[in-house]
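Please walk through the model below, beginning with one charged residue and moving outward to the whole fold.

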Amino acid sequence: MNSNPEPQIENHKVDRRIQRTRLALRSALLELIKEKGFDSVSVEEITARANLGRATFYLHYKDKEDLLLDEFREMASNRVQVLSEIPISIWKSNRDNLELSDGRASVMPLLLVFEHAAQNAELYRILLKGDSSQRIAGQIRQIIADSINAIIQTRIQSDPPPAPAEVPVDLLAAYFSGALMGSLNWWLEQESSPEPEEMARMFQHLFFPGVMKVWGLQKEGKK
């Protein structure tokens, strides 16, 4: 049996190097977007700001849109992962204040999303108003929908809901992503915007009662 750990150590070093490179490119892009807008940024400017070569850029991304979407892919993966750890049956309890039956606040995963938007509000506004905004927003919606779809499919296999859903999973995921993007857009356009926690709670009160109904998770006695 070969117990030599060197291959694993080397792979770990490579993984960390890749992570550092991608982080440098993403950071450079976000800085440039805030300075001049997404549509005016070139790959040459991104690599110069990150102190990397063009060849390195194209080893990781096909273009600047792919780089930008990588930021949202990571955000979606990190935020939505929290939801995947919550059994579907838990959402049944305490429908009025939308807290989980084990005492954890179910708003937290959504709060992380709205906090990310608040921390990067200028970036979000630029993307929503730029020439490429519709295409990019559509791709972001798809990232969110795919993440939600995968999580629901996983959860219903390990923790089936008490009744068959009234709508297909992919429709629910598409509805969630569209509602979330629309809410973010509205929020960022307000002169006096609600705090991220309040926005997350409002979104949850709008969205989750319908989800619990179609998935047979309404609290007993509620219509």
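Is R26 buried or exposed? The model is a predicted one, and in it R26 is buried, because its relative accessible area is 9%, against the cut-off of under 20%. Its partner is D70: the two form a salt bridge in which the closest N and O atoms are 3.1 Å apart. This pair links distant parts of the chain, since D70 belongs to helix α4 (residues 64-84) and R26 to helix α1 (residues 6-36), with the two positions 44 residues apart. D70 also counts as buried, because its relative accessible area is 14%. Both ends of this bridge are therefore in the buried class.

The structure has seven salt bridges. Side chains of opposite charge can pair when their charged atoms come close. Another of these pairs is E45 with K36, whose side chains meet at 2.6 Å, N to O. Here E45 is partly exposed, with a relative accessible area of 27%, and K36 is partly exposed as well, at 36% relative accessibility. E31, E35 and R49 are linked in a network of salt bridges.

A further bridge joins the side chains of E197 and R201, at 3.2 Å from N to O. How are these two placed along the chain? They are four residues apart in helix α9 (residues 196-214), so about one helical turn separates them. An α-helix has 3.6 residues a turn, so residues three or four places apart point the same way. E197 is partly exposed, with a relative accessible area of 42%, and R201 is partly exposed at 33% relative accessibility.

Helix α9 can be described further. With 19 residues at 1.5 Å a residue, α9 should span 27 Å, and its end C-alpha atoms are 27 Å apart, so the two values agree. The helix has a bend of about 30 degrees at H205, and the proline P209 follows within four residues. Several α9 residues are buried, among them M199, F203, F207 and V211. P209 is also one of the buried residues of α9.

The overall fold comes next. The protein has nine helices and zero strands, and the pattern along the sequence is α-α-α-α-α-α-α-α-α. Of its 223 residues, 43% count as buried. Among contacts between residues at least 6 apart in sequence, 72% join residues at least 24 apart. The accessible surface comes to about 12700 Å², and carbon and sulfur atoms account for 50% of this area.

What does the interior consist of? In soluble globular proteins, nonpolar side chains tend to be buried together. In this model the largest nonpolar core has 50 residues, and those with the most contacts inside it are L29, I46, F114, F176 and L180. The elements that give two or more residues to this core are α1, α2 (43-50), α4, α5 (108-119), α6 (121-129), α7 (133-158), α8 (169-189) and α9. The most comes from α8, which gives nine residues.

Two residues show what such surroundings look like in detail. I46 is among the core residues with the most contacts inside the core. Leaving aside residues up to four places away in sequence, I46 touches L25, A28, L29, L32, V41, F57, K64 and L67. I140 lies in helix α7 and counts as buried, because its relative accessibility is 8%. With the same sequence neighbours left out, I140 touches L69, F72 and M181. I140 and F72 are 68 residues apart in sequence, while their C-alpha atoms are 6.9 Å apart in space.

One loop residue remains. N51 lies in the loop between α2 and α3 (54-60). Its phi is positive, about 60 degrees, although N51 is not a glycine. Is N51 buried or exposed? N51 counts as exposed, because its relative accessibility is 68%, where the cut-off for exposed is over 50%. I140, by contrast, is buried at 8%, and so is R26 at 9%.

Technical notes. Residues are numbered from 1 along each chain as its sequence is written. This is a predicted model: local features need pLDDT of at least 70, side-chain atom pairs count only at pLDDT 80 or more; totals for chains, interfaces and linings use all residues. Side-chain values use heavy atoms; hydrogens and water are left out. A salt bridge is a side-chain nitrogen of Lys or Arg within 4 Å of a carboxyl oxygen of Asp or Glu. Buried means under 20% relative accessible area, exposed over 50%, partly exposed in between (1.4 Å probe, protein chains only). The expected span of a helix is 1.5 Å times one less than its number of residues. The bend at a residue is the angle between axes fitted to the seven residues ending there and the seven starting there. Contact means heavy atoms within 4.5 Å. Accessible areas come from the Shrake-Rupley method with a 1.4 Å probe; for residues, only the protein chains shown count as cover. A nonpolar core is a set of buried Ala, Val, Leu, Ile, Met, Phe, Trp, Tyr and Cys residues joined through side-chain atoms within 4.5 Å.
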